[in-house]
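The exercises that follow are meant to be worked through with the sequence and the coordinates side by side. Please attempt each task before reading its solution.

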Amino acid sequence: MKTLIGGAIAAALGLIGLGVWWTEFLMVLAGIIPIMLLLGGGLAVYLGFDELKDNWKKDEPAFESSSVKEAEVEQYKKEIDDLKDEIKSLKKA
């Protein structure tokens, strides 16, 4: 109940103050609006750029095939062939 009465009194005083200092209120409002537009626009540009970077990362492949060297590929093929031969020899035994 105290909050309701305090809020009603604050709203009434704010309405009276707005009527008394109307020109000062408009002057402050005229100073605040451009700053808020500037800050809001800067935030929107930042968030748009961040979203664009995320989209660029999604377009990149998960791995690059050029990172594996030809020598490594040949080594892996040789190991696979050796393991196949070993499995064949174990099956015979």
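Helices are DSSP runs of H or I with at least four residues, strands are runs of E with at least two, and both are numbered from the N terminus. The model examined here is a predicted one.

**Exercise 1. Determine how many helices and strands the protein has, and in what order its elements run.**

Step 1. Applying that definition, the secondary structure of the protein comes to three helices and zero strands.

Step 2. Read from the N terminus on, the elements therefore follow the order α-α-α. Helix α1 spans 2–20, helix α2 covers residues 22–59, and helix α3 takes in residues 70–92.

Step 3. As for confidence, the protein averages a pLDDT of 89, and 90% of the residues score at least 70. Among the elements, α1 has the highest mean pLDDT, at 95, whereas helix α3 has the lowest, at 89. Where pLDDT is low, the predicted coordinates should not be read in detail.

**Exercise 2. Compare the radius of gyration of the protein with that of a compact globule of 93 residues.**

Step 1. A compact globule of 93 residues would have a radius of gyration near 12 Å, but the value for the protein is 36 Å.

Step 2. The box filled by the C-alpha atoms, taken along the principal axes, is roughly 105 × 40 × 15 Å.

Step 3. Turning to accessibility, buried residues, which are those under 20% relative accessible area, make up 1% of the 93 residues. The protein exposes about 8900 Å², and carbon and sulfur atoms supply 69% of that area.

**Exercise 3. Identify which residues make the nonpolar surface patch, and establish whether M1 is buried or exposed.**

Step 1. The patch, of about 940 Å², is made by M1, L4, I5, I9, L13, I16, V20 and W21.

Step 2. M1 is found in the segment before α1.

Step 3. The relative accessible area of M1 is 73%, and since the cut-off for exposed is over 50%, M1 counts as exposed.

**Exercise 4. Classify the aromatic pair that the structure holds.**

Step 1. The structure holds one aromatic pair. The pair is formed by the rings of W22 and F25, whose centres are 5.6 Å apart.

Step 2. The ring planes stand at 35°, and because stacked requires under 30 degrees and edge-to-face over 60, the pair is tilted.

Step 3. W22 and F25 are three residues apart in helix α2, so that about one helical turn separates them. W22 is partly exposed, with a relative accessible area of 42%, and F25 is likewise partly exposed, at 33% relative accessibility.

**Exercise 5. Find which residue forms a salt bridge with K78, and place both partners in the secondary structure.**

Step 1. Side chains of opposite charge can pair when their charged atoms come close. The criterion asks for a side-chain nitrogen of Lys or Arg within 4 Å of a carboxyl oxygen of Asp or Glu, and by this rule the count comes to one salt bridge.

Step 2. The partner of K78 is D82, with the closest N and O atoms 3.3 Å apart.

Step 3. Both residues lie in helix α3, where K78 and D82 are four residues apart, about one turn of the helix.

Step 4. K78 counts as exposed, at 53% relative accessibility, whereas D82 is partly exposed, with a relative accessible area of 39%.

How values were computed: Residues numbered from 1 in each chain as written. Predicted model: local features only at pLDDT ≥ 70, side-chain atom pairs only at ≥ 80, totals over all residues. Heavy atoms only, no water. Patch = residues over 30% accessible without salt bridge, like charges linked within 9 Å, V, L, I, M, F, W, Y side chains within 5 Å. Areas by Shrake-Rupley, 256 points an atom, 1.4 Å probe, with all protein chains shown as cover. Buried < 20%, exposed > 50% of the residue type's maximum accessible area, 1.4 Å probe, protein only. pLDDT = per-residue confidence, 0-100. Rg over C-alpha atoms; globule rule 2.2 N^0.38 Å. Phe/Tyr/Trp six-rings, centres within 6.5 Å; stacked < 30°, edge-to-face > 60°.
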